[in-house]
Amino acid sequence: MRTFSIEIEGLVQGVGFRPFIYKLASSMNLEGTVENLNTGVRVMISTRNGSKDKFIERIWSEAPGQSQVESVVVNEVGYTAYKGFSINKSNTLSQKVTRISPDIAVCEDCLNDMQTQGHRIKYPLINCTKCGPRFSIITGIPYDRPMTTMAGFEMCEKCHDEYDDVNDRRFHAQPVACNICGPRYSMTIDNFKVREINDIIHLAAKIIDEGGTIAVKGMGGYHMLCDASNAEAVISLRKAKGRDAKPFAVMCRDIESLEKIAIPGTEELEALQSWQRPVVIVKDGNILPSSVSGGLDTVGIIMPYMPFHYLLFRELKSSVIIFTSANLSDEPVITDDEEAFNKLNERVDAIVNYNRAIANRSDDSVGRLIAGKFRLTRRSRGFTPTPVSVDFIAEGIFGAGAELTNCFAVGKGKDIILSQHIGDLKNAASLEFYRQSYKRFAEIFRFIPELVARDMHPDYHSSVFAERMAEEKGITLTVVQHHHAHIACCMAENRLKRKVIGVVLDGVGLGDDGRIWGGEFMIADMHYYRRILHFDYVPVAGGNAVSYEPWRSGLSYAIHYLGQEEITGKLALAKQTGIQKSLLYTDLLEKKINTAIYSSAGRLFDAVAAITGLCLKAKYHAEAPMRLESVIDHRIDDHYNYCLNGEVISFGRAIQEIVSDVEKGISIGEISAKFHNCVSRAVIDGISYTRDISGINDVVISGGTFQNRYITERIINQLDEDGFNVYYNKNVPANDGGLALGQVAVAAARRNAGLI
Ligand code: ZN
Ligand code: ZN
Ligand code: FE
């Protein structure tokens, strides 16, 4: 007899891994133990014959669906005589940690049990080892019930039996619960409480069907719901949410009802039904009221993922409902029950919640299909805290992220863990969310910062937070240029090491010269970048107001390329803005008051959206470029002109041609197509030029503008044809939500090269 210790790392906790090992070992008549470590799972087996190798082979090939086995390390140890195979208590000694599972949509078996199991009939918090809440309920590690917000609920006898029975689907499912012992739903209508689940579902469905709105506590926060086909209900929900004007996501009862309102492709249907259940941006079928998606040609769709959603749809007449996070204006989504009552009770017709706390807030993740792959634009529930595995050591590095669309990141060994989507740190509540989340990450991942990376912009709240951390801990801080971080993010996700051509089309990011960059062509690797080309510099006045007031970019670009006199008499934009205001604006530019100089793609798109009259003021972030994309006339292959002069790509001619097309009354769809085609050509030519001077063939594209499907696909297709290797983000957003990953990667490269 010989004894082996087998240590398995990866996502192996909270996903039914120990029961899997138990069953596998038992079926092979192996004797030994299995236990959770901070780092993963350790199996001890004693065996007489060669079955150890077969056992390990089967661990790799038969591991449960949501788990990810990263490594299996086998060591022979001194012989121990075991009696049968058993599961040991968790070991919590080391500072290293294992992966924590993201939240998982309810599984088919549980939906079935909800109709058949005596103690779980219509139990809306049913779950098993394959499904249910994970990250959202975790307060510490290892992942065991006392370290979750289920800690206060004692299992009843039946649940306990299932929890202990290795042949049960709920064997060691930490949040296991039922109607007898688990957390319970309740509903508040005005100040009345409804506690019976049948009544709650019935009333919730009735309110929605009659045009009312309800707030419902979800997995990572509250949502607001109403009938999506009822235009009045949609408008009143918008009012209830405050200033919010963003497109709403809708939840569909099933695929059949989805296909009545939208035109999804195969890959989109796949993403919609994945266990992560993200919001998927799909081509709109123009059936729902236009107020749902704010006039865009797409609609965000999500499929039911909590048992409550399924129960609700069983009673609802409406088959498509608005499903939007419950937050007021730009604040983080509400998670606290008291806050929900205080903020929402007056605004909605009823509030539905349950008495288990949400430990970690998370929004619904969002993504869209670009160039044949589903790509995240907001990474949160279902994906956080799955790490990005890299091939370098990132231990102890904190990446603070940017300002808008913030996420931070922490390095653990060769894993980089991005936080859930935090939001705009200019908002005080979001900044508090950032601080709290960092604290929670430090706890659950036993993260001890050794090195801090921040954006070049010193005034970002994330930069201030990073500075303070470095000072308090007495550790090194390193500054990473914004667009270099975007390139590094895409390189890290794709495990690229050699020098690449990096193209970043983006909103704002401070450059080395104190100007605001965002149309950048670089030769870069992880610790180095050289700017080869950039979009032309144009001064825009207004400070922070610039990104929400595209008319400012419109006037700036028109004045810059045509002159004030030229536009005053002609340009509709100048008339719309008001002659007075436009002269005043010119004055600001001339005196350089509150004026910054931009090479940003974001500003260029804003300018065109304003000059064409499509969007003078944005009601939400990036509204102008999104609307510009959604009006493209896809039959048009023609393009405007640009010029490449030295290291500058100027769209002066394009702006002149657009002004003239606007005057001629050319349709906005045609103008938008010609503009998009022009930018695509400029990018492709810029990349070819960079290859000519450098001999580099690998291209990395990143930055917020590459969420534009039209441009990104056009560029990728052409680059493929021209023999480039093109890399783009997939599981990490190309926008600032992925920036912290790049910051950590750059800091790691600098540290590993001994530069800091
Ligand atoms: Zn389940
Ligand atoms: Zn129970
Ligand atoms: Fe950016």
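This briefing describes a zinc site and a group of paired strands. The model is a predicted one, and the values below are computed from its atoms. In it, a zinc ion (ligand 1) is held by cysteine sulfur donors, namely Cys-107 (SG), Cys-110 (SG), Cys-128 (SG) and Cys-131 (SG), while strand β3 (residues 41–47) pairs with strand β1 and with strand β2.

**Zinc site**

- Cys-107, Cys-110, Cys-128 and Cys-131 each contribute their SG atom as a donor, lying 2.3 Å from the zinc ion (ligand 1).
- Because the 4 donor atoms subtend angles of 103 to 115 degrees around the zinc ion (ligand 1), the arrangement is tetrahedral; the ideal angle for four tetrahedral donors is 109.5 degrees.
- Along the chain, the donors of the zinc ion (ligand 1) follow the spacing C-x2-C-x17-C-x2-C.
- Cys-110 lies in helix α3 (residues 108–116), whereas Cys-131 lies in the loop between α3 and α4 (157–164), so the pair ties together parts that are 21 residues apart in sequence.
- Cys-110 counts as buried, with a relative accessibility of 0%, and Cys-131 is likewise buried, its relative accessible area being 0%.

**Strand β3 and its partners**

- Strand β3 (residues 41–47) is largely enclosed by the rest of the structure, because 6 of its 7 residues are buried.
- Strand β1 (residues 2–11) pairs with β3 in the antiparallel sense over 7 bridges, and within β3 it is Met-44 that stands opposite Ser-5.
- Strand β2 (residues 31–36) also runs antiparallel to β3, to which 6 bridges join it, and Thr-33 has Met-44 in β3 as its bridge partner.
- The hairpin formed by β2 and β3 has 4 residues between the strands, and Gly-40 in the turn has a positive phi of about 155 degrees.

Note on methods:
Residues numbered from 1 in each chain as written. Chains lettered and ligands numbered in written order. Predicted model: local features only at pLDDT ≥ 70, side-chain atom pairs only at ≥ 80, totals over all residues. Heavy atoms only, no water. Donors = N, O, S within 2.8 Å, 3.2 Å for Na, K, Ca; no water. Tetrahedral: all angles 85-135°; square planar, octahedral: opposite > 155°, others 65-115°. Helix = DSSP H or I, 4+ residues; strand = E, 2+ residues; numbered from the N terminus. Buried < 20%, exposed > 50% of the residue type's maximum accessible area, 1.4 Å probe, protein only. Pairing = 2+ DSSP bridges.
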